[in-house]
Amino acid sequence: QAQRTGASDAEARQFFERYFTAWQVSGNGRLDGTVTGYYEPVLTGDTRMNGRARYPIYGLPADLVSVPLPASLRGSKAVVRVRATGSGSGQISPSGSHTANLADFPITERSSSLKGRFEGGRFVPYYTRAQINSGAINERAPVLAYADDPIELFFMHIQGSGRLRTPDGRFVRLGFADKNEHRYGSIGRYMADKGYLPLGQTSMQGIKAYMKQNPGRLAEVLGQNPSYVFFRELTGSSDSGPVGALGTPLMGEYAGAIDRHYITLGAPLFVATAHPTTKKALNRLIMAQDTGSAIKGAVRVDYFWGYGDEAGEVAGKMKTTGYVWQLLPNGMKPEYRP
């Protein structure tokens, strides 16, 4: 490995130069793309509901069912039959006992599964964020902990993982378990369109400040993003980073999320961009360890800054032009994965 114990920077560089080929990533004929930032938030709350900790962090609901979607039906508006197969799973089958109208589901040509629930003789899309926030899954899903602040909890959903600090100083590590498969909706864009905030102020920090001053619009604004994440409690040291799509902890400033249709998950990436606060050049070799529903496109990287408020301040301001090279083993060529 390039990072074997005792290896110098020069030896690590020689390792990559010898065994890897750098391929510059392009999309629609363009070499430039967008680099954003994400982080692992630290929330305050408790494992039991109290006067401050009132906002539930849900685990997997008992009635959430995942149904594999054949490639031939992606983007389709057909009506199909669905059969329950147990343990939160189902299967499209001519002999299925439930009907599912694919036109009702937010699926695209890339969708690999349907996430829904059985309702009478129908298989319907799972509840949206607005429905869940209104109590739709009370008693249907385990509550892993309760957060003090609904805005901070919302941004933990956007990041996909986080830590919750309890009053006794203990940390509960929370990782991504599943999602309702509704499309991601930008609340920043919605707020700008409604005139609540100028577009240039719809950073994470700007949204947080606005919502604290206008709590009466909380349900309206958060409901504009129907996508919802369910979590699982992670074991191990509280010092470990969040677990990415490869199942390994992420290291701050050395990992990123990509669109796996264009970039090989697990590949080293060289990212050339600018630091969001200092504006100085930021050229870094990172690992493509993660994915995200909002990370779409070829030259598109979400740069992981670490955890806590300081990382969040930087990540929330990052939306810069960048260039990306993926390093693949010699003899291996990049390919699009539909």
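## Ground rules

A residue is called buried when its relative accessible area is under 20%, exposed when that value is over 50%, and partly exposed in between, using a 1.4 Å probe and protein chains only. What you're looking at is a predicted model, in which local features need pLDDT of at least 70 and side-chain atom pairs count only at pLDDT 80 or more, while totals for chains, interfaces and linings use all residues. Residues are numbered from 1 along each chain as its sequence is written, and side-chain values use heavy atoms, with hydrogens and water left out.

## A glutamate with an unusual phi

Let's start with Glu 181. Glu 181 sits in the loop between β13 (171-179) and α4; helices (H or I, at least four residues) and strands (E, at least two) are DSSP runs, numbered from the N terminus. Its phi is positive, near 70°, even though Glu 181 isn't a glycine. How accessible is Glu 181? With a relative accessible area of 24%, Glu 181 is partly exposed.

Asn 28 also has a positive phi without being a glycine, this time of about 55°. Asn 28 belongs to the loop between β1 (20-24) and β2 (33-40). Because its relative accessibility is 85%, Asn 28 counts as exposed. For background, most residues other than glycine have a negative phi.

## A little hole inside

Glu 181 turns up again around the largest cavity, where it is one of the lining residues. A cavity here is a set of points on a 1 Å grid over the protein atoms alone where a 1.4 Å probe fits but cannot get out, and lining residues have an atom within 4 Å of a point. The structure has one cavity of 30 Å³ or more, and the largest comes to about 40 Å³; points are joined across faces, edges and corners, and the volume is what probe spheres set on them fill.

Who else lines the largest cavity? Alongside Glu 181 there are its chain neighbours Asn 180 and His 182, plus Phe 105, Pro 106, Ile 107, Ser 113, Leu 114, Lys 115, Pro 125 and Tyr 126. Strand β9 (residues 113-119) supplies the largest share of this lining, with three residues.

## Tyr 190, Met 191 and the core

Move along to helix α4 (residues 187-194), and you'll find Tyr 190. Tyr 190 counts as buried because its relative accessibility is 18%. Contact means heavy atoms within 4.5 Å, and beyond four places in sequence Tyr 190 makes contact with Tyr 196, Glu 220, Val 221 and Gln 224. By contrast, Val 172 is 18 residues away along the chain, and its C-alpha is separated from that of Tyr 190 by 32 Å.

Met 191 belongs to the largest nonpolar core, which has 35 residues, and is listed with Leu 269 and Trp 305 as having the most contacts inside it. Helix α5 (residues 204-213) gives the most to this core, four residues. A second core lies apart from it, with 12 residues including Val 67, Leu 73, Phe 105 and Phe 123. Such a core is a set of buried Ala, Val, Leu, Ile, Met, Phe, Trp, Tyr and Cys residues joined through side-chain atoms within 4.5 Å. Leaving out residues up to four places away in sequence, Met 191 touches Tyr 196, Leu 197, Ile 207, Tyr 210, Met 211 and Val 221.

## An enclosed helix and its neighbour

Why is helix α3 (residues 150-159) described as largely enclosed by the rest of the structure? Because eight of its 10 residues are buried. Those eight are Pro 150, Ile 151, Leu 153, Phe 154, Phe 155, Met 156, His 157 and Gln 159. Just after α3 comes Gly 160, with a positive phi of about 90°.

Two of those α3 residues, Pro 150 and Ile 151, are touched by Leu 218, which also touches Met 211, not counting residues up to four places away in sequence. Leu 218 is part of helix α6 (residues 218-222) and is partly exposed, at 22% relative accessibility. Met 332 is a far-off partner to compare: 114 residues from Leu 218 in sequence and 49 Å in space, C-alpha to C-alpha.

## One more leucine

Leu 60 lies in the loop between β4 (55-58) and β5 (65-68). At 43% relative accessibility, Leu 60 counts as partly exposed. Setting aside residues up to four places away in sequence, Leu 60 touches Ala 141, Pro 142, Ala 177, Asp 178, Phe 230 and Phe 231. Asn 50, 10 residues from Leu 60 in sequence, is 22 Å away in space, C-alpha to C-alpha.

Definitions and conventions
On a 1 Å grid over the protein atoms alone, a cavity is a set of points where a 1.4 Å probe fits but cannot get out, and a pocket is an open set with protein on both sides within 12 Å along at least five of seven lines; lining residues have an atom within 4 Å of a point.
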